[in-house]
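Colleague: I am new to this structure and should like to understand the terms applied to it. May I put some questions to you?

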Amino acid sequence: IVLSLSIVIILLFLYLLSPLFYIICWAGILAFFVSPVYKYINQRLNRRKRLSAVIVFSGVIFFIILPLALIGIHLYSQVSALLEMIQPLSQKNILQFLNKLQKHPKIYALFSKFSTQLQPFLPEIQREFTQFLSNLVQLGFTFLKTFIKRAFSFSLQLAFTLITFYYFLVDGEKILSIEEKPVHKFFVNGGIYVLDQKALNLIPNDTFYDMPTLFEEVIKNNM
């Protein structure tokens, strides 16, 4: 019962810590690849670990995290601008759109040929076109909401990862304890053998040869 209860407690403890495994793994991988730079800076700064870790930490943020954040912000702004541009189109009539093309005679002449042939189908085309744009806008806003939620969650995980990464650099090679002249107690088997010269002659040179093997050889030779 005690063993089963201990296993259950250990499994529950690991389950509670499972979200941290992802953070610890990424922090360890990042520290592994950046450690040569950290060691070089630490050596140049006369073993000032914390200052070296802060410099490397700042470099990771400036050269890795900040560019990724700017890319994400730019992507968000571009998608938002596209949706704002598409959304009014879903509320416009195709005929109104064609009339506005009269300002551009060449383009209007091209579209007017098709519009004359497609005149009976324009209401159906209008409904399908409006539905398509509405679905597209709705899908785009859903994507933006999901993007914001995941970006927020990723930011929290990234913050904990960077904190763990910092302490990996500072304490990665730290001596935790030392025990000088430790005492070990255990039983040993020892003895002293007195051998005749004839028995010594049976021992081969430059090879391992234990005493039981020697005694077997002595017995075999009736010595």
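Colleague: Why is Asn46 called exposed?

Modeller: The model is predicted, so local features need pLDDT of at least 70 and side-chain atom pairs count only at pLDDT 80 or more, while totals for chains, interfaces and linings use all residues. Residues are numbered from 1 along each chain as its sequence is written, and side-chain values use heavy atoms, with hydrogens and water left out. Buried means under 20% relative accessible area, exposed over 50%, and partly exposed in between (1.4 Å probe, protein chains only). Asn46 has a relative accessible area of 64% and is therefore exposed.

Colleague: Where is Asn46 placed, and what is its phi?

Modeller: Asn46 lies in the loop between H1 and H2; helices (H or I, at least four residues) are DSSP runs, numbered from the N terminus. Although Asn46 is not a glycine, its phi is positive, about 60 degrees.

Colleague: What makes Asp206 exposed?

Modeller: Its relative accessible area is 84%, so Asp206 meets the definition of exposed. Asp206 sits in the loop between helix H6 (197–200) and helix H7 (211–220). Asp206 also has a positive phi, of about 55 degrees, and is not a glycine.

Colleague: Why is Leu14 called partly exposed?

Modeller: Leu14 has 38% relative accessibility, which falls in between the two limits, so the residue counts as partly exposed. Leu14 belongs to helix H1 and contributes to a nonpolar surface patch of about 960 Å². Such a patch is made of residues with over 30% relative accessible area and no salt bridge; nonpolar side chains (Val, Leu, Ile, Met, Phe, Trp, Tyr) are joined within 5 Å, like charges within 9 Å. Helix H1 (residues 2–44) gives the most to the patch, with 9 residues.

Colleague: How do you know where H1 has a kink?

Modeller: The bend at a residue is the angle between axes fitted to the seven residues ending there and the seven starting there. In H1 a kink of about 50 degrees lies at Val34, shortly before the proline Pro36. Val34 is one of the buried residues of H1.

Colleague: What makes a set of residues a nonpolar core?

Modeller: The set consists of buried Ala, Val, Leu, Ile, Met, Phe, Trp, Tyr and Cys residues joined through side-chain atoms within 4.5 Å. The largest nonpolar core has 15 residues, of which Ala53, Val56, Val60, Phe165 and Leu169 touch the most other members. H1, helix H2 (49–86) and helix H5 (122–171) each supply at least two residues of this core, and H5 gives the most, with 6 residues.

Definitions and conventions:
Accessible areas come from the Shrake-Rupley method with a 1.4 Å probe; for residues, only the protein chains shown count as cover. A salt bridge is a side-chain nitrogen of Lys or Arg within 4 Å of a carboxyl oxygen of Asp or Glu.
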